[in-house]
Amino acid sequence: MFRLVCVECGKTFPPDEIVYNCTSCGHLLAVQYDLDTLNVDRGEWNRRPLSVWRYREILPVTIPPVSLKEGGTPLYHLSRIGKEIGLPYLYAKHEGMNPTGSFKDRGMTVGVSMALQLKKSSVACASTGNTSASLAAYAAKAGIPAVVLLPAGKVALGKVAQALMHGAKVISIRGNFDRALEMVHELCLSHGLYLLNSVNPFRLEGQKTIGFEAVDQLGTVPDRMILPVGNAGNISAVYKGFTELISLGLMDRMPMMTGIQAAGSSPVVRAVHQNLPEVIPEDHPETVATAIRIGAPVNAEKALAAIRKTGGTAESVSDAEILAMQKALARMEGIGVEPASAASVAGVKKLVEMGVVDRDERIVCVVTGHLLKDPETVIRQCEPPVEIDADLPSLLSALQLS
Ligand code: AN7
């Protein structure tokens with residue numbers, strides 16, 4: 001059994017009420033389970049395949065889920081990059097290996113399942129790209145229509161391609177993501193579409209399983225979890241999941257939750273550094289990592305709590321640092337990620353150099369989306385292929401061999 005509870009005033013709502021914000025104070029909602037009456041068996045979990053649904057006792061879905069086999073993503077030891085920056089226990093959880101190439105699939109398998117469970121017949125979101133790609137695919141699997149709003153000209157090519165091909169109604173607005181989210185929220189309230197942005201507490205339930213899997217794969221609790229932050233939903237989700245495992249007696253300590261933003265779009269970092277009670281939105285966020293080009297993160301209050309209660313921190317990285325780490329991951333580790341994802345690893349490098357992170361920490365960086373999401377940014381950074389005549393002397397000459 002579960003209910004929705006306001007994170008600010010504690011007002012509760014029944015599990016089948018369609019509500020995205022507290023009707024009393026307007027703050028965010030979270031899913032709350034009766035953990036002390038839950039019968040969770042660690043051995044039983046370990047016998048199930050590594051996936052979102054391994055942890056179904058602490059997920060809200062009671063119907064057969066809408067699933068494309070999400071989760072179960074690889075955890076890689078970053079041996080070369082770790083050696084270079086002086087961290088022997090540095091790992092990357094590659095969420096780009098999900099069905100549509102990002103961690104959003106964990107949220108959407110739960111969110112779209114909940115749409116059906118709540119008898120909703122259409123879904124919608126605003127997106128910097130990955131959410132729209134994922135929603136389009138899961139709505140297709142569920143057999144219901146999806147509407148997605150994108151900031152015109154600011155969504156990576158692969159993501160738009162996915163949303164279009166999976167059959168969503170794709171609308172580009174002449175405005176940024178933050179405005180698109182306001183618009184789709186209003187549309188959902190007035191016209192009854194089911195809103196699947198991360199303000200929807202059920203979506204975050206799916207995403208918390210990133211942390212569960214990381215602990216299971218590592219065989220121990222990491223000292224620190226590092227995530228790129230846009231809307232701040234994912235870092236909030238992973239923290240919430242950990243609090244549940246601790247309540248269930250399945251985890252004995254809390255990792256330091258650490259968020260990384262792009263320098264041109266870093267309201268959460270500013271709030272942490274200046275110890276502000278809440279985030280001050282940025283009107284004109286800008287970064288090459290378009291996935292996290294977000295000025296008014298809707299989950300900021302949850303993320304600030306996660307960072308502060310765990311002794312974590314937040315830091316920003318420049319676009320140049322992001323792109324350099326994207327290339328390092330690709331060339332030194334064989335791991336292909338999109339720019340926003342590289343922010344988490346670029347961030348840990350900076351935090352080590354600043355002396356904030358200890359060298360003996362066991363650290364899991366979540367890399368959130370696949371390299372192929374944003375081919376245009378890749379092409380801009382790499383030398384184009386050398387074109388030659390189709391004969392061996394030309395090949396040898398191109399390779400500078402004699
Ligand atoms: C690759 O798709 O917000 O802090 O609309 O695509 O939970 O927002 C994407 C966010 C990190 C940030 N990495 O996660 C969207 C969207 C990638 C992302 C984030 C996003 P949150």
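This passage walks through a predicted model, starting at its ligand and moving out to a few helices and loops. Because the model is predicted, local features are taken up at pLDDT of at least 70 and side-chain atom pairs at pLDDT 80 or more, while totals for chains, interfaces and linings use all residues. Residues are numbered from 1 along each chain as its sequence is written, and side-chain values rest on heavy atoms, with hydrogens and water left out.

The ligand is a good place to start. Around the ligand there are 21 residues, and N130, T131, N231, A232 and T368 come nearest; a residue counts as near if one of its heavy atoms lies within 4 Å of the molecule. Sorted by class, this shell holds eight nonpolar, 11 polar and two charged residues. Here Ala, Val, Leu, Ile, Met, Phe, Trp, Tyr, Cys and Pro count as nonpolar, Asp, Glu, Lys and Arg as charged, and the others, Gly among them, as polar.

Several polar contacts can be picked out, a polar contact being a pair of N or O atoms within 3.5 Å; within protein, one atom must be able to donate a hydrogen and the other to accept it, and residues adjacent in sequence count only if both atoms are side-chain atoms. A backbone N or O atom of A232 sits 2.7 Å from a ligand oxygen, and a backbone N or O atom of N234 is 2.8 Å from an oxygen of the ligand. From T368, a polar side-chain atom lies 2.7 Å from a ligand nitrogen. On its own the ligand has 480 Å² of accessible area, and the protein covers 99% of that (Shrake-Rupley method, 1.4 Å probe; for residues, only the protein chains shown count as cover). Two elements give two or more residues to the shell, namely α4 (130–142) and α9 (233–247); helices (H or I, at least four residues) and strands (E, at least two) are DSSP runs numbered from the N terminus.

A232 deserves a second look. Its place is the loop between β10 (224–228) and α9, and its phi is positive, about 70°, although A232 is not a glycine. A232 counts as buried because its relative accessibility is 3%, where buried means under 20% relative accessible area, exposed over 50% and partly exposed in between (1.4 Å probe, protein chains only).

K69 also has a positive phi without being a glycine, with a value near 70°. K69 belongs to the loop between α1 (42–47) and β4 (75–77) and is exposed, at a relative accessible area of 73%.

Among the helices, α8 (residues 209–218) is mostly covered, with eight of its 10 residues buried. These are T209, I210, G211, F212, E213, A214, V215 and L218. Right after α8 comes G219, with a positive phi near 80°.

In helix α3 (residues 104–117) sits S113, which is buried at 0% relative accessibility. The S113 side chain reaches the backbone oxygen of T109 at 2.5 Å. L204, in helix α7 (residues 201–207), is buried too, at 4%.

Finally, D358 lies in the loop between α13 (339–353) and β13 (363–367) and counts as partly exposed at 45% relative accessibility. D358 and L87 are 271 residues apart in sequence, yet 8.3 Å apart in space from C-alpha to C-alpha. For L204 and H77, the separation is 127 residues in sequence and 26 Å in space, again C-alpha to C-alpha.
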